[in-house]
Amino acid sequence: MPVTPEVLSDNQKLAADIREAMVILAKVIRKFGDAPWPLMERFQRELKALEDREALLVDLLGEAPDSASKGPDLPDFG
């Protein structure tokens, strides 16, 4: 997974991992044929579900999409 300077939520990290796996699988499919295609469809469903969950949280909590990725604001006791 590429290193990024921003802090990513667990859901965003998982989505990035799924996308990376999909790219690798796409290369396998191009080279060896469609036998693993059901796995690609599963990755698509999982990615969509993950994105839908994140969008629902953002909508319900009234967050801007950027603030949703930073996690909760914690009090500064120091």
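Here is a friendly exchange about a predicted model of one protein chain.

Trainee: What should I know about the model before we start?
Mentor: Residues are numbered from 1 along each chain as its sequence is written, and side-chain values use heavy atoms, with hydrogens and water left out. Because the model is predicted, local features need pLDDT of at least 70 and side-chain atom pairs count only at pLDDT 80 or more, whereas totals for chains, interfaces and linings use all residues.

Trainee: In what order do the elements of the protein chain run?
Mentor: Helices (H or I, at least four residues) and strands (E, at least two) are DSSP runs, numbered from the N terminus. By that rule the protein chain has 3 helices and 0 strands. Read from the N terminus, the order is α-α-α.

Trainee: How far apart are the end C-alpha atoms of helix α2?
Mentor: The expected span of a helix is 1.5 Å times one less than its number of residues. Helix α2 covers residues 37–61, which is 25 residues, so the span should be 36 Å. The model agrees, with the end C-alpha atoms separated by 36 Å.

Trainee: Which residue just after α2 takes a positive phi?
Mentor: Look at the position that follows the helix. A phi of about 65 degrees is found there, and the residue is G62.

Trainee: What percentage of the residues in the protein chain is buried?
Mentor: Buried means under 20% relative accessible area, exposed over 50%, and partly exposed in between (1.4 Å probe, protein chains only). In α2, the buried residues are M40, L47, L50, E54 and V58. Taken over the 78 residues of the protein chain, the buried share is 17%.

Trainee: Which element gives the largest share of the largest nonpolar core?
Mentor: A nonpolar core is a set of buried Ala, Val, Leu, Ile, Met, Phe, Trp, Tyr and Cys residues joined through side-chain atoms within 4.5 Å. The largest one has 8 residues: A15, I18, M22, L25, I29, M40, L47 and L50. Two or more residues come from each of α1 and α2. The largest share, 5 residues, belongs to α1.

Trainee: Which residues is F43 in contact with, leaving aside its neighbours within four places in sequence?
Mentor: Contact means heavy atoms within 4.5 Å. F43 sits in helix α2, and its C-alpha is 9.8 Å from that of A15, 28 residues away in sequence. A15 itself, with neighbours within four places set aside, is in contact with L47 and L50. For F43, the partners are I18, A21, M22 and L25.

Trainee: What percentage of the contacts with a separation of 6 or more joins residues 24 or more positions apart?
Mentor: Start from the contacts in the protein chain whose separation is 6 or more. Within that set, residues 24 or more positions apart account for 44%.

Trainee: Which helices does the salt bridge between R19 and E51 tie together?
Mentor: A salt bridge is a side-chain nitrogen of Lys or Arg within 4 Å of a carboxyl oxygen of Asp or Glu. The side chains of R19 and E51 meet this rule at 2.6 Å, N to O. The pair ties together parts 32 residues apart in sequence, because R19 lies in α1 (residues 10–32) and E51 in α2.

Trainee: How many salt bridges are there by this rule?
Mentor: Besides R19 and E51, R42 and E46 pair at 2.9 Å, N to O, and they are separated by about one helical turn because they stand 4 residues apart in α2. D52 and K48 pair at 3.0 Å, N to O, and are likewise 4 residues apart in α2. R42 is partly exposed at 45%, as is K48 at 49%. The salt bridge count is 3.

Trainee: Is L61 buried or exposed?
Mentor: Patches are made of residues with over 30% relative accessible area and no salt bridge, where like charges are joined within 9 Å and nonpolar side chains (Val, Leu, Ile, Met, Phe, Trp, Tyr) within 5 Å. L56, L57, L60 and L61 form a nonpolar patch on the surface, with about 420 Å² of accessible area together (Shrake-Rupley method, 1.4 Å probe; for residues, only the protein chains shown count as cover). L61 is placed in helix α2. With a relative accessible area of 58%, L61 is exposed.
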